[in-house]
Amino acid sequence: MAFRRWRLTWLGLVAGVLAVGAGQAAAQAPFAPVPGAEKWDKVKSAQQVPLEQLPPSVRDGVKVTLERPTLFTNGPAESFGCKPAVYYWFLDHPDRAVIAWRRLGAKCVNITDRGAGRFGWSDENGSEIIWDTVLRGQNLRVWYATGKVRPGPLLPLVPVKACVILRHNEGRDERGAPIIQHQADMFIHTDSAAVAIVSRLLGPSAPRMAEQCVTQMQTFFAGLAWYLERHPERAELLLTDTAPPARTQPGVAGN
C-alpha cells in the first residue's frame, strides 16, 4: 500500500497534483457529476489550447506534450458549491492551499512559490518539478510543468513535461447559490528510455492511477473552496491574514 501511494504521488507531482491526502473536508464535499458531460479524447482536448497565444518560451514544449503524450487521462466532470473568487484564488496560490489543507489535517507535499507565477517541488533525491499557468482564459486554464523525477529507489532521474488543462464554468444551483463545474485533462510526455522505466514500474495500472491523480488534483482545489463556503468562520485560521482578492481578469500568463 505504501509503494502504491508513492507511485501515485510520483504521477501526481508530474501533473502538478499537490495533495497526498484528501482530508475530512474533501471527503464530505458533495461533488455532483455534471449531467451530459463527456470525457474528451486527447485530440479534442489538445485543440482547446491556442498555441499561438502562449508565451514563446513554453510554446514548443507545450506543443510536443500535447501532440505526442506518453500518457493522457481525464478527471471527472464535477459540480460543487462555492464562491467562485475563492476557487480561482486557490488556483493561483497552490502553496497557500497546501497550508490550508495541512491545517485541516491532510498530508500534502511541500510547494514553494518560485516567483513570477511559478511554483515548484523538489526532494532530497534530486527530483524537481516547476510549473506555471501559461494560459488563463474565461473558462479555461492551462498549467505547464517541466522537470525531472526519480520514479523509484535506485532508478535514474526521468525528464518530464506535463500539461494540465482545466475547464471550469460558473453557474447556479436550484436555490440560486453559486456553483462551479470543472473537469481536467492531463498530458505527460517523456523520452523513450523513461517510458520503458515507467512501463516496468507501473505496468497496465498507469492509466488508472493517472486518472486518480487528476481526480485528486480537482479535489485539492474544489474541496477547500467548498469547505470555506460552508465554514467561513475558519477562513482566518486556514489562510492567516491572506484573503482571496477579486477574480483575476482572464488573459495569457507566463513569460
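Asp 132 is located in strand β6, which covers residues 128–136 of this predicted model. With a relative accessibility of 6%, Asp 132 falls under the 20% cut-off and therefore counts as buried. Its C-alpha atom lies 5.9 Å from that of Gly 117, a residue 15 positions away along the chain.

Ala 116 belongs to the loop that links β4 (112–115) and β5 (118–122). This residue is exposed, its relative accessible area being 73%. The phi angle of Ala 116 is near 55°, a positive value in a residue that is not glycine. For residues other than glycine, phi is negative in most cases.

Strand β6 is also among the elements that cover the buried residues of helix α4, together with α3 (42–46), β7 (140–149), β8 (158–172) and β9 (178–190). Helix α4 consists of twelve residues and spans 17 Å between its first and last C-alpha atoms, close to the 16 Å expected at 1.5 Å a residue. Its buried residues are Val 58, Gly 61, Val 62, Thr 65 and Leu 66. Viewed down the axis of α4, these residues fall within an arc of 130°, so they line one face of the helix. Pro 56 and Asp 60, on the other side of α4, are exposed.

Burial takes another form in helix α5 (residues 84–92), where eight of the nine residues are buried, so the helix is largely enclosed by the rest of the structure. The buried positions are Pro 84, Val 86, Tyr 87, Tyr 88, Trp 89, Phe 90, Leu 91 and Asp 92. Two of these residues, Tyr 87 and Phe 90, recur in the largest nonpolar core, where they are listed with Trp 131, Trp 143 and Phe 221 as the residues with the most contacts inside it. This core contains 48 residues. Helix α8 (residues 206–230) gives the most to it, with eleven residues. Beyond its neighbours within four places in sequence, Phe 90 is in contact with Ala 97, Phe 221, Leu 224, Ala 225, Leu 228 and Leu 239. Another core, of 15 residues, lies apart from the largest one and includes Ala 46, Val 49, Leu 140 and Ile 165.

Over the whole protein chain, nine helices and nine strands are assigned. The chain has 255 residues, of which 52% count as buried. Of the contacts between residues at least 6 apart in sequence, 70% join residues at least 24 apart. The exposed area of the chain is about 11,800 Å², and carbon and sulfur atoms supply 54% of it.

The mean pLDDT of the protein chain is 80, with 76% of the residues scoring at least 70. Among its elements, helix α4 (residues 56–67) has the highest mean pLDDT, 96, and helix α1 (residues 2–15) the lowest, 44. Over residues 1–10, pLDDT stays under 50, and the model has 22 contacts beyond four places in sequence for this segment. Values also stay under 50 over residues 15–23, for which the model has 32 such contacts beyond four places in sequence. Where pLDDT is low, the predicted coordinates should not be read in detail.

Note on methods. Residues are numbered from 1 along each chain as its sequence is written. This is a predicted model: local features need pLDDT of at least 70, side-chain atom pairs count only at pLDDT 80 or more; totals for chains, interfaces and linings use all residues. Side-chain values use heavy atoms; hydrogens and water are left out. Helices (H or I, at least four residues) and strands (E, at least two) are DSSP runs, numbered from the N terminus. Buried means under 20% relative accessible area, exposed over 50%, partly exposed in between (1.4 Å probe, protein chains only). Contact means heavy atoms within 4.5 Å. Accessible areas come from the Shrake-Rupley method with a 1.4 Å probe; for residues, only the protein chains shown count as cover. A nonpolar core is a set of buried Ala, Val, Leu, Ile, Met, Phe, Trp, Tyr and Cys residues joined through side-chain atoms within 4.5 Å. pLDDT is the predictor's confidence in each residue, from 0 to 100. The expected span of a helix is 1.5 Å times one less than its number of residues. The arc is that of the directions from the helix axis to the C-beta atoms.
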